[in-house]
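Colleague: Could you take me through one part of this model up close? I'd like to hear about the largest pocket, and then how the rest of the protein is put together around that picture.

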Amino acid sequence: MSSMSVSRSLAAALLGLALALPTQAAAAPRFAIDGDRFLLDGRPHLIRSGEMHYPRIPREFWRERLRQAKAMGLNTVTTYVFWNLHEPEPGRFDFSGNLDIAAFVRTAAEEGLDVIVRPGPYICTELDFGGYPAWLLRTPGLRVRSMDPRYLAAGERYLRRVHQELGPLLSTRGGPILMMQVENEYGSYGRDRDYMATAKRQMIEAGFDLPLFTSDGAGPHYFEGGPLPEVAAVINFDGDVADAEAAFAHLKAFRPGGPRMVGEYWAGWFDHWGEQHHTTPLERAARTVDWFLDRGISFNLYMFHGGTSFGWMAGANYSRDQPYQPDTTSYDYDAPVDEAGRLTPKFHALREVIGRHLPAGETLPPLPAPAAATIAVPRFVLSESASLWDALPALSRPVSAQLPRTMEDLQQNYGFVLYRNTVPAGAQGKLSVDEVRDYASVFADGAPAGTLDRRFGERELDAGLKPGQRLDLLVENMGRINFGTRLDEERKGITRSVSVGGRALYDWTHYPLPLSDLSGLRYAKTAAGAPAGSRFWRGGFQLERVGSTFLDTRGWGKGHVWVNGHHLGRYWKIGPQQTLFVPAPWLRRGRNEVVVFEVEGDAGARSLQGLADPVYATDPDGLKPAKR
């Protein structure tokens, strides 16, 4: 027999032996849910997590923030996935740069942290439209968070694309992503069990074969719609030990078995424009986390580090008393690590509590080096400007229509729309707009004539309009509502009609102003008597040493700021936020350029400065009482 025949015979014999042997059990998954316990590598595991969101943190800061989480005693970080940022237009996906979620997860793993992912598609998180892409609203009658097949098809496509990024990082592949959430707090929204079952099925069919969970408020009325059979149910709440005891009593009555975990323990809170700045006592958070650890309850601090809702990210809420509550740009959240990455007293209090409860053999890592110090920037003048009216040809292509069109009708997601018409002969009396979404600056022949603010339900204005005058309504999208049952209603701009003295105005010219490209603006030295409002202002400052700073917007009215082309977000004199965070990676040695779009007409000394710390104050004229 030839050597080749011997080799073939041996191979055949080995194959037959392998087939005859009992099938070996598949390797145990890295992470599992076993009754009322989590298991990691086969051993009982307590999740100590903190929430942070990769788009709200410049990528250059990711590793530093993750090291801070590890140093506080956390073993896990939790993040949402931001559909609206990853798919800005249908079928056009972006997972690059600051949106590279796979890189964020890998960095967490390199720092010794596991990850929990909450992909949505709905995520709330004080984000425009709850994280849904605005283009969903371009489809007439489409209903999100429902069995609408158009919505389900879009969501399925999104989840499959997310799996392309995260699939290799799942715990079932040996990766750091322990588990993933199905939908998000659906029990606060609806009771459609078929929808929630479909949301779960879409995740599984997308390839997410790891443990799943739902996350809802802690009470029987939330449990009616949110949790799913055979899926772990975790609960969200804030408060002290008594609140925690009540919350887990509700969960035990609803589901006696299953792991005990707080999906969101609100260790801080967020701010609305025109309300008070929120802080929460560190002692309360420390006592409650101590209670969790004493009882072997897993938790996720919301937020560990909030960061910033840069650009157009910020969303809005509503309440029984107020129809619209836009969120501030800052998402500091009074978190253990502040907006600039500095460790707060809350951080140290929680680190001390966690350190007392570490399992045998585990010790707290040493404190990381302090975050780079923030810097002050001396006051500098913005001496050049460009009028909005002169800039229209560079910023927008006009669209004509008989009736006012919404922002979504104009294929626009964020920014402003300028609506232009002429007051017809015989029209006199009040200007009526049905309705403004969300803030309208009214101009007659280019001169300011008043404002309409959705926060107060304003729809009428005695603007002193006269026949033949040019009427301009500059309408700003202040953020789509992100929580509650009004999600499907959040089209922006003017949603129905405009009339003067009861006479409807037709034949409108629209100027879409997404302000995504300001390169076409032409600036000139600004004359001393030039109006401040509806104008782009440009200036700059020199730096010898780069560091994060807080741009002081006091003395300005309402608008947006760009630094070296990065859109910091919205400012508004009514507060509580009076400064805008400028991260060091967006600055450079030498000259830095600043552009301000001032809407209302206040520009103070037409200057700015950078502060080492944020400022919070509320203008009583714009104040509405905080509801929390």
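Modeller: Here is a walk through the pocket, followed by the fold, the cores and one helix.

Keep in mind that this is a predicted model. The largest pocket holds about 1200 Å³ of space. How do we find a space like that? Rolling a probe the size of a water molecule over the atoms shows where empty space is left. The pocket has 39 lining residues, and the closest to its centre are Phe-310, Gly-311, Trp-312, Ser-516 and His-567. Some of the lining comes from regular elements: α3 (83–86), β29 (558–563), β30 (566–572) and β32 (590–598) each give two or more residues. Sort the lining by class and you get 19 nonpolar, 13 polar and 7 charged residues.

Now zoom out. The protein has 11 helices and 33 strands. Its C-alpha trace spans about 100 × 65 × 50 Å along the principal axes. The radius of gyration is 27 Å, which agrees with the value near 25 Å that a compact globule of 628 residues would have. Buried residues make up 59% of the 628. If you take contacts between residues at least 6 apart in sequence, 80% of them join residues at least 24 apart.

What about the inside? In soluble globular proteins, nonpolar side chains tend to be buried together. Here the largest nonpolar core has 125 residues, and Tyr-132, Ile-177 and Phe-292 touch the most other members. Helix α5 (residues 149–166) gives the most to this core, with 7 residues. A second, separate core has 24 residues, among them Ala-440, Leu-452, Leu-461 and Leu-505. Let's go back to Ile-177 for a moment: leaving aside residues up to four places away in sequence, Ile-177 touches Val-105, Val-115, Val-117, Leu-166, Leu-169, Leu-170, Ser-171 and Leu-210.

Last stop, helix α2, which covers residues 62–71. Which of its residues are buried? They are Trp-62, Arg-65, Leu-66, Gln-68, Ala-69 and Ala-71. A handy rule for reading such a list is that an α-helix has 3.6 residues a turn, so residues three or four places apart point the same way. The buried residues of α2 pack against β5 (76–80), α4 (101–110) and α10 (345–355). After α2 comes Gly-73, with a positive phi near 105 degrees.

Key. Residues are numbered from 1 along each chain as its sequence is written. This is a predicted model: local features need pLDDT of at least 70, side-chain atom pairs count only at pLDDT 80 or more; totals for chains, interfaces and linings use all residues. Side-chain values use heavy atoms; hydrogens and water are left out. A nonpolar core is a set of buried Ala, Val, Leu, Ile, Met, Phe, Trp, Tyr and Cys residues joined through side-chain atoms within 4.5 Å. Buried means under 20% relative accessible area, exposed over 50%, partly exposed in between (1.4 Å probe, protein chains only). Helices (H or I, at least four residues) and strands (E, at least two) are DSSP runs, numbered from the N terminus. Contact means heavy atoms within 4.5 Å. On a 1 Å grid over the protein atoms alone, a cavity is a set of points where a 1.4 Å probe fits but cannot get out, and a pocket is an open set with protein on both sides within 12 Å along at least five of seven lines; lining residues have an atom within 4 Å of a point. Grid points are joined across faces, edges and corners, and a volume is the space filled by probe spheres set on the points. Ala, Val, Leu, Ile, Met, Phe, Trp, Tyr, Cys and Pro count as nonpolar, Asp, Glu, Lys and Arg as charged, and the others, Gly among them, as polar. The radius of gyration is taken over C-alpha atoms; the globule rule is 2.2 Å times the number of residues to the power 0.38.
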